[in-house]
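This briefing sets out selected side-chain contacts, salt bridges and domain contacts for the structure shown below. Please read the points alongside the sequence and the model.

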Amino acid sequence: MPKLYIVPTPIGNLEDITLRALRILKEADVILAEDTRTSSVLLKHYNIPTKLFAYHQFNEHKTLQTVINKIQSGETLALISDAGTPGISDPGFLLVRECVRAGIEVECLPGPTAFVPALVVSGIPCDTFFFEGFLPHKKGRQTRLTYLAQLDHTIVLYESPHRVHKTIVQCAEFFGNERNAVVVRELTKIHEEIIRGTLHEIGLSLADKTVKGEIVIIIEGKKDTKSADEE
Ligand code: SAM
């Protein structure tokens, strides 16, 4: 039966892909890829000759119906993004929703995503957490920060290297200097780095640095003042 597979791909280390993901990518009629050039590196590495079709945030609305038609005509499609799991701060949601509406079967394989290893390695409670992803750059940013500041769950942010310092400094303003946080950089890659401390300390340590690479920020949730007093 034709269906849509959502296939997670490595977030850096090409070995981080499951055997089933490789098989599905080989067997699919078409792979929908966010950036066909980026994905061809992975596909070439694993000798996967399946043809690629561009599917990204700038054409997803326009191509949605074409993609649905392809699946309905009997083709099996696999959606991948540049890295990690499609739909997580990447295109995917619209297509899954449309498939669900059209009665098309959707299967998402388990696999790499940046926030899970970042959260687990942080040492900050990972039993309950709030995934925010990227904060808005301008409009709505302060509203989001005000909202996040009062959550007692661990908070997960995605951030770009050139904004990380500004975001940490702003988080210190909204959440308090003493909140613990962890900046996880370049997961699974040669320059993987984990920076731990309070928001204030991390802000200071990043102040004069040119930060490179990909980043996840983990921030501890607001402490319950009552139970903190009881400790
Ligand atoms: N779909 C991806 C996932 O499942 O995690 C996320 C895609 S989003 C466009 C890219 C962001 O994910 C980066 O800006 C960074 O915040 C995070 N990210 C991706 N790869 C990473 C890595 N190797 N180390 C740290 N963060 C990473």
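In this predicted model, a polar atom of the T50 side chain lies 3.4 Å from the backbone oxygen of K26. T50 itself belongs to the loop between α2 (36-45) and β3 (51-54), and with a relative accessible area of 10% it is buried. The points that follow describe this residue and two other buried positions, then turn to the salt bridges and to the two domains.

**Three buried residues**

- When residues up to four places away in sequence are not counted, T50 touches L25, K26, A28, D29, V30, I31 and L43, and K26, one of these residues, is also the one whose backbone oxygen lies 3.4 Å from a polar atom of the T50 side chain.
- T50 counts as buried because its relative accessible area of 10% falls under the 20% cut-off.
- T85 is placed in the loop between β4 (77-80) and α4 (93-101), and this threonine is likewise buried, its relative accessible area being 13%.
- The side chain of T85 reaches a backbone oxygen, that of P112, at 2.7 Å.
- Apart from its neighbours within four places in sequence, T85 is in contact with P8, D90, C108, G111, P112 and T113.
- C171 is part of helix α7 (residues 164-175), and at 0% relative accessibility this cysteine counts as buried.
- Once neighbours within four places in sequence are left aside, the contacts of C171 are with L145, L157, G176, L199 and I219.
- C171 and A181 are separated by ten residues in sequence, and the C-alpha to C-alpha distance between them is 9.9 Å.

**Salt bridges**

- A search of the whole structure gives ten salt bridges, and a network of such bridges links K3, R20, E105 and E107.
- Side chains of opposite charge can pair when their charged atoms come close.
- Within that network, K3 and E105 form a salt bridge in which the closest N and O atoms are 3.3 Å apart; K3 belongs to strand β1 (residues 3-6) and E105 to strand β5 (residues 105-108), so that this pair links distant parts of the chain, 102 residues apart.
- K3 also forms a salt bridge with E107, where the closest N and O atoms are 2.4 Å apart; because E107 lies in strand β5 and K3 in strand β1, the pair ties together parts that are 104 residues apart in sequence.
- Are the partners in these two bridges buried or partly exposed? K3 counts as buried at 11% relative accessibility, whereas E105 is partly exposed with a relative accessible area of 34%, and E107 is partly exposed with a relative accessible area of 22%.
- In another salt bridge the side chains of K189 and E214 meet at 3.1 Å, N to O; K189 lies in the loop between β8 (180-185) and β9 (193-198) and E214 in the loop between α8 (199-206) and β10 (215-219), so the pair ties together parts that are 25 residues apart in sequence.
- K189 counts as partly exposed, its relative accessibility being 28%.

**The two domains and their contact**

- The protein chain is divided into domain 1 (4-108) and domain 2 (115-219), and the C-alpha centres of these domains lie 29 Å apart.
- Six residues of domain 1 are in contact with nine residues of domain 2.
- The size of an interface is often given as the accessible area lost when the parts come together.
- For domain 1 and domain 2 the buried area is about 510 Å², and carbon and sulfur atoms give 66% of it; on the side of domain 1, the residues that lose the most area to domain 2 are I11, I88 and S89, which together account for 74% of what that side buries.
- How many salt bridges and how many residue pairs in polar contact are counted between the domains? Between domain 1 and domain 2 there are zero salt bridges, and there is one residue pair in polar contact, counting pairs with both residues at pLDDT 80 or more.
- Sorted by class, the side of domain 1 that touches domain 2 has two nonpolar, three polar and one charged residues.

Key: Residues numbered from 1 in each chain as written. Predicted model: local features only at pLDDT ≥ 70, side-chain atom pairs only at ≥ 80, totals over all residues. Heavy atoms only, no water. Salt bridge = Lys/Arg side-chain N within 4 Å of Asp/Glu carboxyl O. Helix = DSSP H or I, 4+ residues; strand = E, 2+ residues; numbered from the N terminus. Buried < 20%, exposed > 50% of the residue type's maximum accessible area, 1.4 Å probe, protein only. Domains from an automatic or database assignment. Contact = heavy atoms within 4.5 Å. Buried area = accessible area lost by both parts, 1.4 Å probe. Polar contact = N/O pair within 3.5 Å; in protein donor to acceptor, adjacent residues only side chain to side chain. Nonpolar A, V, L, I, M, F, W, Y, C, P; charged D, E, K, R; others polar.
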